[in-house]
Amino acid sequence: MNLEKIKSLVEKGQAPAIEVHSIDPNIYLIYYKDGEDIRPVLDKHDKTLRCKSRTSAFLLLGETGISTTDFVHQTAYDEMIGFAHSGQKTELRETIEL
């Protein structure tokens, strides 16, 4: 799926669930969810769309007509400080109004 397809779905009233994931301080990926399945949004060359900031990802989504998205920042903090993996996700998740 690409941004044009998302825009088309929004115009038909069928907006998919969208998430913006922080991968690195300068890499933000946009994903769409289909049930439990999550897939990256693609660019015009059918490659994973990469944004350089959270704001640029939100601006692109705003142009599609999406009104809300979830922002997800996962961390491996437990691993960095030497604790055994607890089996629980260590992520910040917040809903953003665009």
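The paragraphs below walk through this structure, from its overall layout to some of its residues.

Before we start, note that this is a predicted model, in which local features need pLDDT of at least 70 and side-chain atom pairs count only at pLDDT 80 or more, while totals for chains, interfaces and linings use all residues. Residues are numbered from 1 along each chain as its sequence is written, and side-chain values use heavy atoms, with hydrogens and water left out.

Let us begin with the whole chain. Its secondary structure comes to three helices and six strands; here helices (H or I, at least four residues) and strands (E, at least two) are DSSP runs, numbered from the N terminus. Follow the sequence along and you meet them in the pattern α-β-β-β-β-α-β-α-β. Of the 98 residues, 28% count as buried. Buried means under 20% relative accessible area, exposed means over 50%, and partly exposed lies in between, with a 1.4 Å probe and protein chains only. We can also ask about contacts, meaning heavy atoms within 4.5 Å. Among the contacts between residues at least 6 apart in sequence, 48% join residues at least 24 apart.

Now look inside. A nonpolar core is a set of buried Ala, Val, Leu, Ile, Met, Phe, Trp, Tyr and Cys residues joined through side-chain atoms within 4.5 Å. Which members of the largest nonpolar core touch the most other members? They are I18, V20, I30 and V41, out of 16 residues in that core. The elements giving two or more residues to this core are α1, β1, β2 and α2. Take I30 as an example: leaving aside neighbours within four places in sequence, I30 is in contact with I18, E19, V20, R39, P40, V41, L49, C51, A57 and L61.

Next, find L29, which sits in strand β2 (residues 27–34). L29 counts as buried because its relative accessibility is 10%. Beyond its neighbours within four places in sequence, L29 has contacts with E19, V20, H21, I23, T48, L49 and R50. With E19, the sequence separation is 10 residues, and the C-alpha atoms of L29 and E19 are 8.3 Å apart in space.

From L29 we can step across to H21, in strand β1 (residues 17–24). H21 has 11% relative accessibility, so it counts as buried. Outside its neighbours within four places, H21 is in contact with I27, Y28, L29, Y31, I38 and V72. Its side chain also makes a polar contact with the side chain of E19, at 2.7 Å. A polar contact is a pair of N or O atoms within 3.5 Å; within protein, one must be able to donate a hydrogen and the other to accept it, and residues adjacent in sequence count only if both atoms are side-chain atoms.

S22 belongs to strand β1 too. Is S22 buried or exposed? S22 counts as buried because its relative accessibility is 11%. The side chain of S22 makes a polar contact with the side chain of H73 (3.1 Å). Apart from neighbours within four places in sequence, S22 is in contact with I27, Y28, F71, V72, H73 and Q74.

Now for the loops. P25 is in the loop between β1 and β2, and it counts as exposed because its relative accessibility is 63%. P25 and R54 are 29 residues apart in sequence, yet 9.4 Å apart in space, C-alpha to C-alpha. Another loop residue is D46, between β3 (37–40) and β4 (50–51). D46 counts as exposed because its relative accessibility is 57%. The phi of D46 is near 60°, a positive value in a residue other than glycine.

In helix α2 you will find S56. With a relative accessible area of 26%, S56 is partly exposed. Its side chain reaches the backbone oxygen of S53 at 2.9 Å. S56 and Y28 are 28 residues apart in sequence and 8.9 Å apart in space, C-alpha to C-alpha.
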